[in-house]
Amino acid sequence: MTPQERALLMIYTSVKDRLPVGAHEFCEAVKDFDVIPLTESGKVFGGVLIKGNELHVGFAERPKSSVRRYIRSCLNDTIVKYGSAVTSVSKDNLNGLRFCERLGFVKVAEQNGNILLRCDRSDYD
């Protein structure tokens, strides 16, 4: 399994309880996204999905160290390229919402049980 495939599996594992789809359907839904593996000590523990200025971060295992360098790289590069980054979080995913807010994302709308967020400047400059 490639690091990208492992990362995608980890991202799916992090959201599978909140999505009404299986792994195959999830992979099909995100096939147009770039997958950036998150690693620690050579082991993939999660990943970042990127498509244009849309980002999603997920990890199945809580890392022992900070993920700031990954966030700084992906988020800031996206903001520089597109002027902002966007993501969405399930309304009932309070941990995910707090994570996004710590990064500098702000709520812009609610749609179909999801909170839509936008970041014009990362708090991890």
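Two residues are in contact here when heavy atoms of theirs lie within 4.5 Å. With that in hand, we can start with the fold as a whole: in this predicted model, residues 24 or more positions apart account for 47% of the contacts with a separation of 6 or more.

Let's set out the parts. The protein has four helices and six strands, and along the sequence they follow the pattern α-α-β-β-β-α-β-α-β-β. The radius of gyration is 14 Å, close to the 14 Å that the globule rule gives for 125 residues, so the protein is as compact as a globular protein of that length. If you would like a box for it, the C-alpha atoms fill one of roughly 35 × 35 × 25 Å, taken along the principal axes. Of the 125 residues, 39% count as buried. The protein exposes about 7600 Å², and carbon and sulfur atoms supply 49% of that area. As for charge, there are 18 positive and 16 negative charges, and their mean positions are 5 Å apart.

Now to the strands, beginning with β2 and β3. Strand β2 covers residues 43–51 and strand β3 covers residues 54–59; the two pair in the antiparallel sense over six bridges. To find your place in this pairing, look for Leu49, whose bridge partner in β3 is His56. The two strands form a hairpin with two residues between them, and Gly52 in the turn has a positive phi of about 60 degrees.

Further along the chain, β6 (residues 114–119) is a good strand to follow, with partners in both β4 and β5. Strand β4 (residues 85–90) pairs with β6 in the antiparallel sense over six bridges, and within that pairing Ala85 stands opposite Cys119. Strand β5 (residues 106–111) also runs antiparallel to β6, joined to it by five bridges; here Lys107 stands opposite Leu117.

How do the two faces of β6 compare? In a regular strand the side chains alternate between the two faces of the sheet. In β6, the covered face consists of Ile115, Leu117 and Cys119, while Asn114, Leu116 and Arg118 make up the uncovered one. Two residues met above, Leu117 opposite Lys107 and Cys119 opposite Ala85, thus belong to the covered face.

β5 and β6 also form a hairpin with two residues between them. Asn112 lies in the loop between these strands, and its phi is near 50 degrees, a positive value in a residue other than glycine. Asn112 counts as exposed because its relative accessibility is 71%, where the cut-off for exposed is over 50%. Ser41 offers another case of this kind of backbone angle: it has a positive phi of about 55 degrees although it is not a glycine. Ser41 sits in the loop between β1 (34–40) and β2, and at 80% relative accessibility it counts as exposed.

From the loops we can turn to the helices. Helix α3 spans residues 68–82 and holds Cys74. Is Cys74 buried or exposed? Its relative accessible area is 11%, so it is buried, given that buried means under 20%. Which residues does Cys74 touch, leaving aside its neighbours within four places in sequence? They are Ile36, Val48, Ile50 and Leu55. Val48 and Ile50 fall within the residue range of β2, and Leu55 within that of β3, while Ile36 falls within that of β1. For Leu55, 19 residues from Cys74 along the chain, the C-alpha atoms of the pair are separated by 8.3 Å.

Lys81 lies in helix α3 as well, yet at 63% relative accessibility it counts as exposed, whereas Cys74 is buried. Lys81 also gives us a way to span the model: Lys81 and Ser41 are 40 residues apart in sequence and 30 Å apart in space, C-alpha to C-alpha.

Our last stop is helix α4 (residues 94–103), where Phe99 lies. Phe99 counts as buried because its relative accessibility is 18%. Between Phe99 and Phe26, 73 residues apart along the chain, the C-alpha separation is 22 Å.

How values were computed
Residues are numbered from 1 along each chain as its sequence is written. This is a predicted model: local features need pLDDT of at least 70, side-chain atom pairs count only at pLDDT 80 or more; totals for chains, interfaces and linings use all residues. Side-chain values use heavy atoms; hydrogens and water are left out. Buried means under 20% relative accessible area, exposed over 50%, partly exposed in between (1.4 Å probe, protein chains only). Two strands pair if DSSP finds at least two bridges between them. The radius of gyration is taken over C-alpha atoms; the globule rule is 2.2 Å times the number of residues to the power 0.38. Accessible areas come from the Shrake-Rupley method with a 1.4 Å probe; for residues, only the protein chains shown count as cover. Lys and Arg count as positive and Asp and Glu as negative; His and the chain ends are not counted. The place of a charge is taken as NZ of Lys, CZ of Arg, CG of Asp or CD of Glu.
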